Amino acid sequence: MKQKNHIAGLYLRLSQEDERQGESLSIDNQRHILIKYAEENGFEIYDEYIDDGVSGTTFDRSQVQRLLDDAKTGVINTIIVKDLSRFGRNYIEVGQ
């Protein structure tokens, strides 16, 4: 049986509050971490979804909505984020 490819969307987010915490949360740093993880674990990267300067307290973010649409329609089958706080601050909503 042929193994299904792991097609990943990389989600990156930086809020204005994060910018004060420095380089460790920067978009470039997140990108480096996610690409390295994807490559080391055999994921094909479909696209990057970047919400820059947007709070994680809401899911009303253009790129997170595009990411979720691509996941729901099967364009991607994996979402990779640096940590769950990048995806959203409401952990109940993130879990859904």
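**Close-up views of a predicted model**

**View 1. Strand 1 and its pairing with strand 3 in the predicted model.** Strand 1, which covers residues 7–14, runs parallel to strand 3 and is joined to it by 4 bridges. Within this pairing, Tyr11 stands opposite Val81, a residue of strand 3.

**View 2. The open sheet of 3 strands.** The strands are arranged in the order 2-1-3 and their pairing is parallel. Strand 2 (44–52) and strand 3 (78–81) are the edge strands, each of them pairing on one side only. Between neighbouring strands of this sheet there is an average turn of 25 degrees, with direction ignored.

**View 3. Helix 2 and helix 3 against the strands.** Helix 2, made up of residues 27–40, packs on the sheet and touches strand 1, strand 2 and strand 3, and the direction of helix 2 makes about 160 degrees with that of strand 1. Helix 3, made up of residues 62–72, lies across strand 1, strand 2 and strand 3, where helix 3 runs at about 150 degrees to strand 2.

**View 4. The aromatic pair of Tyr37 and Phe43.** The structure holds 1 aromatic pair. The ring centres of Tyr37 and Phe43 are 6.1 Å apart and the ring planes lie at 25 degrees; because planes under 30 degrees apart count as stacked, this pair is classed as stacked. Tyr37 has a relative accessible area of 40% and is therefore partly exposed.

**View 5. Arg61 and the ring of Phe59.** The charged end of Arg61 sits over the ring of Phe59, at 5.0 Å from the centre of that ring.

Key
Residues are numbered from 1 along each chain as its sequence is written. This is a predicted model: local features need pLDDT of at least 70, side-chain atom pairs count only at pLDDT 80 or more; totals for chains, interfaces and linings use all residues. Side-chain values use heavy atoms; hydrogens and water are left out. Two strands pair if DSSP finds at least two bridges between them. Helices (H or I, at least four residues) and strands (E, at least two) are DSSP runs, numbered from the N terminus. Axes are lines fitted to C-alpha atoms, for helices over the stretch in contact, and angles run from 0 to 180 degrees between N-to-C directions. Contact means heavy atoms within 4.5 Å. Rings of Phe, Tyr and Trp (its six-membered ring) pair if their centres lie within 6.5 Å; planes under 30 degrees apart count as stacked, over 60 as edge-to-face and the rest as tilted. Buried means under 20% relative accessible area, exposed over 50%, partly exposed in between (1.4 Å probe, protein chains only). A charge sits over a ring if NZ of Lys or CZ of Arg is within 6 Å of the ring centre and within 35 degrees of the ring normal.
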